[in-house]
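Visitor: Could we go through the empty spaces of this model together, one question at a time?

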Amino acid sequence: MKKKNHPGGQWKNHMFWPLMLTILIVLMNVPLYYFDKKAGICVSVFAAVYFVIMLGIFMANKTAVRNEVISFATQYGTVQKKLLNEFEIPYALLDYNSKILWMNESFSSVTEKDKDYHKSIVTIFPSITRELLDKEEHNDHIHVTWKDRVYRVSVGRIYFEDGDKGKEEEGQEGGSQYLTALYLFDETDLHQSIQEIKDQQMVSMLIYIDNYEEALDSVEEVKRSLLVALVDRKVSKYFSERDSIIKKIEKDKYFVAFKQKYLDDLIEDKFSILEDVKTVKVGNEMAVTLSIGVGVSKNSYTQKYEYSRMAIDLALGRGGDQVVVKEGEKISYFGGKSHQVEKMTRVKARVKAHALREIIESREEVFIMGHSISDMDAFGAAVGIYCAAQVLGKKAHIVLDEVTSSLRPMKECFTEEKGYPADMFLHGEQAMEMADNRSVVVVVDTNRPNYTECPGLLGKSKTIVVFDHHRQSSEVIENAVLSYIETYASSTCEMVAEVLQYFNENIHLKPNEADSIYAGILIDTNNFMTKTGVRTFEAAAYLRRCGAEVTRVRKLLRDDMAAYKARAEAVRHAEVFRGAFAISICPADPEVESPTIAGAQAANELLNIVGIKASFVLTEYNGKIYISSRSIDEINVQLIMERLGGGGHLNVAGAQMAGCTIAEAKKRIQITLDQMLKEGDIEV
């Protein structure tokens, strides 16, 4: 704050006030002339004598007093300058252009600059810019580093008098009538102490062997103990080098505790244990993979362990063979480059089927929804759950707002004329009005709340069930009473087909219902060419026994001419980036009712070109940019899409971008690919 000070004027007034009393005496003397003329004359003479004496004293002492004041000011200024110059805290004065006017000895010693150095402060501390100094309010969170020392910068302003109020205020606004005082407080020891405390904190880690049973089954019985011992040795050696405590809590699970200072080393190493453990070979056909969950928290040890448990659940939900580090709300991913191995046992499907049956039996009404802009996999899975609810005599509804052109032929198979109720399909608003706590909400083909057809419906019921085959991200549907997420499954329809076989022995699918589920598998596997396993064909065989007809499904899935041309245009105008990535734009043709589906189909088509390892097709629709990405086996497109805010599978993934043009979105994809190539997350 600006402070006015006029010491010269105050001394002058102090010297003048005895003379000013003469005026008071004269004014008091005027009434005396009316009452007693002689008394008035006497007082007038006294006033004159008083004035002469005081004037003489003033003139005689004026020079002496002024000299005393100047002498005192000189001594005071000298002392003040000496104190500032010898001040232990580094101190400097800057002008309004951030140039150094003066610095004390401590500041000169710290910066190794002599007192004749009058350049900008930016030449010493680049982070202390003029814009920063021009701010009216400064905080103490400005830190600079100089010669391995950390300093907290404190900034203040010293205003000086211009002599004219108007000019003074004008100068203050213009920023030229003040000096900037800069203080440096050495906080190196404080920062080191804080860092030491942080480094000594414990980090909790859980390690699971993803395919323990499958790996043991692929090796001779006499070598199984050797395989386990080699994996144990790899894990113990890797973490023992970092002063860790490793405890095997189950045959395929480990608990590890280590100091936080080693976490940065593990991150820089990108948790090479993931790849190192795959080198264990004792005749096993299947490589051993690990899932690791790391919990970092400033709070209690219980919180750290809870974070590590949440992280390992997320790693397993994303398909395993990766590390998830959870530090508060921040989640980091490492690894996840290998294909998820299909589990041959159906025990889990049977357990989930029985759990689903118990949940539906305990509820009065069932609401089923997939993701927005629903595709055939979401639709087929919803129809399967609808059939399960019907067998138990429960009222069920499928929430479907927008019906795409590819979905319409299949939806028209479920009309009142064909024996289905009029309220089989509902809009989101209708479902919101009908749902309550006595209902169950079943979400299929997505595990992200914002991607669902009606996100508000999740808050209407406390009973939520999730069926999905996509890898999980940090954003998941919370408080689900039943969550069945299998990333190795080809589609959600495959999972639902398996569940239906164990759901109820009296369940019998109609041909059009079996067609819907079969079509979902067909689309997501690209006609059984990608992500197909033994269980995929077994699910297809079950649906075929229920009456699914391949020819009928093929007719229902045919495209119209406009969509076919849009897909062809996207393929024709594709650009090859870095010799391995095909990037194209699906044209926004108003005749194409479902451009996002055409874009996804074009991404599949681009993989048929020799040398293309991954494809990306951008489609502008409803004010957003939809990205469909595909790969065969070498590139993990899920990792790429996650950097763009999306997700999916290792071979099939996507993302949505808003607030940008299609050209900007394309540039972001190229920048992301270059960054990941440079960091080694993907290879060509």
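Guide: A definition is needed before we begin: Ala, Val, Leu, Ile, Met, Phe, Trp, Tyr, Cys and Pro count as nonpolar, Asp, Glu, Lys and Arg as charged, and the others, Gly among them, as polar. Please keep in mind as well that this is a predicted model.

Visitor: With those classes, how does the lining of the second largest cavity divide into nonpolar, polar and charged residues?

Guide: The second largest cavity holds about 40 Å³ of space, and its lining is made of Gly 370, His 371, Ser 374, Ala 378, Phe 379, Ala 382, Ile 398, Val 399, Leu 400 and Glu 453. Since Gly is placed among the polar residues, the lining comes by class to six nonpolar, three polar and one charged residues.

Visitor: Which element gives the most to the lining of that second largest cavity?

Guide: Two elements, α14 (376-391) and β13 (395-399), each supply at least two residues of the lining of the second largest cavity. With three residues, the element that gives the most is α14.

Visitor: How many of the residues of α14 are buried?

Guide: The helix α14 has 16 residues and spans 23 Å from its first C-alpha to its last, which is close to the 22 Å expected at 1.5 Å a residue. Just after α14, Gly 393 takes a positive phi of about 75°. Taking buried to mean under 20% relative accessible area, α14 is mostly covered, and the number of its 16 residues that are buried is 14.

Visitor: Turning to the largest cavity, how many residues of its lining are nonpolar?

Guide: A search of the whole structure finds three cavities of 30 Å³ or more, and the largest cavity holds about 70 Å³ of space. Its lining consists of Ile 209, Tyr 212, Ala 215, Leu 216, Leu 227, Val 228, Val 231 and Val 288, with α8 (212-217) and α9 (224-240) each supplying at least two of these residues. No polar and no charged residues occur in the lining of the largest cavity, and the number of nonpolar residues is eight.

Visitor: Which element supplies the largest share of the lining of the second largest pocket?

Guide: The second largest pocket holds about 1,300 Å³ of space, and of the 50 residues that line this pocket, the closest to its centre are Asp 313, Leu 314, Leu 316, Gly 317 and Gln 472. By class, its lining has 20 nonpolar, 13 polar and 17 charged residues. Among the elements that each supply at least two residues are β6 (202-209), α8, β10 (322-327) and α13 (347-362), but the largest share, seven residues, comes from α12.

Visitor: Is Ser 439 buried or exposed?

Guide: Ser 439 has its place in strand β15 (residues 439-444), and, not counting residues up to four places away in sequence, Ser 439 touches Arg 363, Glu 365, Phe 367, Ser 461 and Thr 463. Because its relative accessible area is 1%, and the cut-off is under 20%, Ser 439 is buried.

Visitor: For the chain as a whole, what percentage of the residues is buried?

Guide: The secondary structure of the chain comes to 24 helices and 23 strands, and about 35,300 Å² of the chain is exposed, with carbon and sulfur atoms supplying 53% of that area. Of the 684 residues in the chain, the buried share is 47%.

Note on methods:
Residues numbered from 1 in each chain as written. Predicted model: local features only at pLDDT ≥ 70, side-chain atom pairs only at ≥ 80, totals over all residues. Heavy atoms only, no water. 1 Å grid on protein atoms, 1.4 Å probe; cavity = no way out; pocket = protein on both sides within 12 Å on 5 of 7 lines; lining within 4 Å. Points joined across faces, edges and corners; volume = space filled by probe spheres on them. Helix = DSSP H or I, 4+ residues; strand = E, 2+ residues; numbered from the N terminus. Expected span 1.5 Å × (residues − 1). Buried < 20%, exposed > 50% of the residue type's maximum accessible area, 1.4 Å probe, protein only. Areas by Shrake-Rupley, 256 points an atom, 1.4 Å probe, with all protein chains shown as cover. Contact = heavy atoms within 4.5 Å.
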